[in-house]
Structures are given as structure tokens and as C-alpha cells.
Amino acid sequence: MGVSMIIWAVAATLVCIALSLAIIMILRQIGEICRRLSFIRSHRTNMKLAADTPFPAMNGLINEINSFLEEAAEKRMRMERESRGLKDSLTGISHDIRTPLTSLSGYFQLLTREEEPEERARYCAVIRARIDSLESMLEELFTYTKLQNSDYRIEMDSVNFTRCVIDTMLAFYGQFADKNAAGGNRGGRSGIYLR
């Protein structure tokens with residue numbers, strides 16, 4: 001029985017050594033993964049982790065981390081594109097608002113210097129038109145931002161389509177009648193014809 005105990009002791013020792021080596025390899029791999037993740041995070045690179053361990057579970061974990069890194073990189077790029085788009089939009093909007101304001105300022109200066117009532121009235125009309133244009137632009141901007149808000153809900157109503165078409169046709173009745181009176185009918189036929 002002494003020899004079999006020695007064999008068992010040697011086998012158990014070898015198993016412990018193998019398990020210890022496996023644990024050491026796993027710990028080294030985890031340390032390497034941590035160093036690479038730290039580098040990736042601090043350098044904003046598209047580098048991936050290498051899945052070259054003899055342990056399938058560790059390779060699976062590395063593949064999942066790489067998938068997560070790819071998704072995070074895609075989100076970061078999308079957010080950067082959206083941020084650039086927003087900055088470009090804000091630049092355009094500020095230009096579109098500044099232009100009428102500059103025009104208003106110029107016409108207001110002319111108005112304060114002008115003594116002729118006709119010219120003052122003309123400047124006032126131009127200023128009013130610029131203010132109306134600016135108000136319209138700001139209203140469109142407000143509507144756009146409101147529609148972009150995910151919490152905003154558009155309320156839908158039923159519309160009588162037949163009534164809408166009839167009202168539209170009746171709104172143009174005078175133009176249709178004028179065209180018909182001016183020889184717009186086809187071959188002596190009266191009515192409205194579409195091509």
C-alpha cells in the first residue's frame with residue numbers, strides 16, 4: 001500500500017502544480033487584459049484584445065469585451081458626428097438670425113437719421129418686414145426643436161378628405177372659370193379636365 005500512496009501523492013502534487021500554473025496563467029491574462037483596457041480607454045483607440053489563451057471561457061470573455069468595445073466605439077463616433085452636425089446647425093442658425101438683426105440695426109440707424117416722412121415710413125415697413133421674417137424663422141426653429149423632442153406627441157385628428165378636396169377646388173373656382181372663359185375648354189366641352 002505504500003507504493004500506491006506515493007503514486008497518489010505524486011499525482012495529487014502534479015494536479016496541484018498544473019492547477020497552480022493554470023491559475024497563474026489566468027491571473028497573468030487578466031492582468032494583461034486590464035493593462036490593454038486601460039490603454040484603450042486612455043488613448044481612444046480601436047485596438048482589440050487578443051483572445052489567445054488555452055482557456056475557452058477566457059477567450060469567450062475577451063470576445064464579449066471586444067464586442068462591447070466595438071459598440072462603444074460606434075456610439076462614440078455617432079455622437080461625435082451628431083455633435084459636429086449640431087455645431088454646424090447652430091452656426092447656420094446663428095448666421096440666419098444675425099443677418100436680419102444686422103439689417104434691422106442698419107435700417108433703424110437710417111430711420112433715426114431720416115427726417116422725410118415718406119422715407120421714415122419706408123424704413124419702418126422694411127423693419128417690420130425684417131421683424132416678421134425673423135419671427136417666422138424663430139417660430140420654425142421652435143417648432144423643429146419641439147418636434148425633435150422625444151416626449152412631444154403629435155395629436156392626430158380625422159379629416160374629411162372629400163370636404164378638403166371640395167374646399168380646395170372651390171377656392172380655385174374663380175381661376176378655373178377665368179381659364180374656361182378665356183378659351184381653356186377642350187373642343188367645346190365645358191368642365192375641368194386634367195392631363
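Helices in this report are DSSP runs of H or I covering at least four residues, numbered from the N terminus. On that basis, N59 belongs to helix α2. The model is a predicted one, and its confidence is described before the details of packing and charge.

**Confidence**

The mean pLDDT of the chain is 84, and 91% of the residues reach at least 70. Helix α1 has the highest confidence in the chain, with a mean of 90, whereas helix α5 (residues 173–184) has the lowest, with a mean of 69. Where pLDDT is low, predicted coordinates should not be read in detail.

**Nonpolar cores**

Seven residues form the largest nonpolar core: I33, I40, L49, M58, I62, I65 and L69. Two or more of its residues come from each of the elements α1 and α2 (56–113). The greatest contribution is that of α2, which supplies four residues. Within this group, I33 is in contact with L49, M58, I62 and I65, leaving aside residues up to four places away in sequence. A second core, separate from this one, has five residues, among them L104, L111, I127 and L134.

N59, in helix α2, has a relative accessible area of 16% and is therefore classed as buried, the limit being under 20%. With residues up to four places away in sequence left out, N59 touches A51, D52 and T53.

**The surface of helix α1**

Helix α1 spans residues 2–43 and includes R28. The relative accessible area of R28 is 64%, so this residue counts as exposed, the limit being over 50%. Between the C-alpha atoms of R28 and L49 the separation is 14 Å, the two residues being 21 apart along the chain.

I6, V10, L14, I17, L21 and I24 together make a nonpolar surface patch of about 560 Å². One of these residues, L21, is placed in helix α1. L21 has a relative accessible area of 49% and is partly exposed, because this value lies between the limits of 20% and 50%.

**Salt bridges**

Side chains of opposite charge can pair when their charged atoms come close. The structure contains six salt bridges, and the table lists some of them.

| Pair | Closest N to O distance | Helix and spacing |
|---|---|---|
| R35 and E32 | 2.9 Å | α1, three residues apart |
| E32 and R36 | 3.0 Å | α1, four residues apart |
| D167 and R163 | 3.0 Å | α4 (residues 161–171), four residues apart |

R35 and E32 are about one helical turn apart, because they are three residues apart in helix α1. E32 and R36 also have a spacing of about one turn of the helix. In accessibility, R35 is exposed at 52%, while E32 is partly exposed at 26%. R36, at 23%, is likewise classed as partly exposed.

In helix α4, D167 and R163 are separated by about one turn. D167 has a relative accessibility of 40% and counts as partly exposed. R163 is partly exposed as well, with a relative accessible area of 42%. In α1, by way of shared partners, salt bridges link E32, R35 and R36 into one network.

How values were computed
Residues numbered from 1 in each chain as written. Predicted model: local features only at pLDDT ≥ 70, side-chain atom pairs only at ≥ 80, totals over all residues. Heavy atoms only, no water. Buried < 20%, exposed > 50% of the residue type's maximum accessible area, 1.4 Å probe, protein only. Core = buried A, V, L, I, M, F, W, Y, C linked by side-chain atoms within 4.5 Å. Contact = heavy atoms within 4.5 Å. pLDDT = per-residue confidence, 0-100. Patch = residues over 30% accessible without salt bridge, like charges linked within 9 Å, V, L, I, M, F, W, Y side chains within 5 Å. Areas by Shrake-Rupley, 256 points an atom, 1.4 Å probe, with all protein chains shown as cover. Salt bridge = Lys/Arg side-chain N within 4 Å of Asp/Glu carboxyl O.
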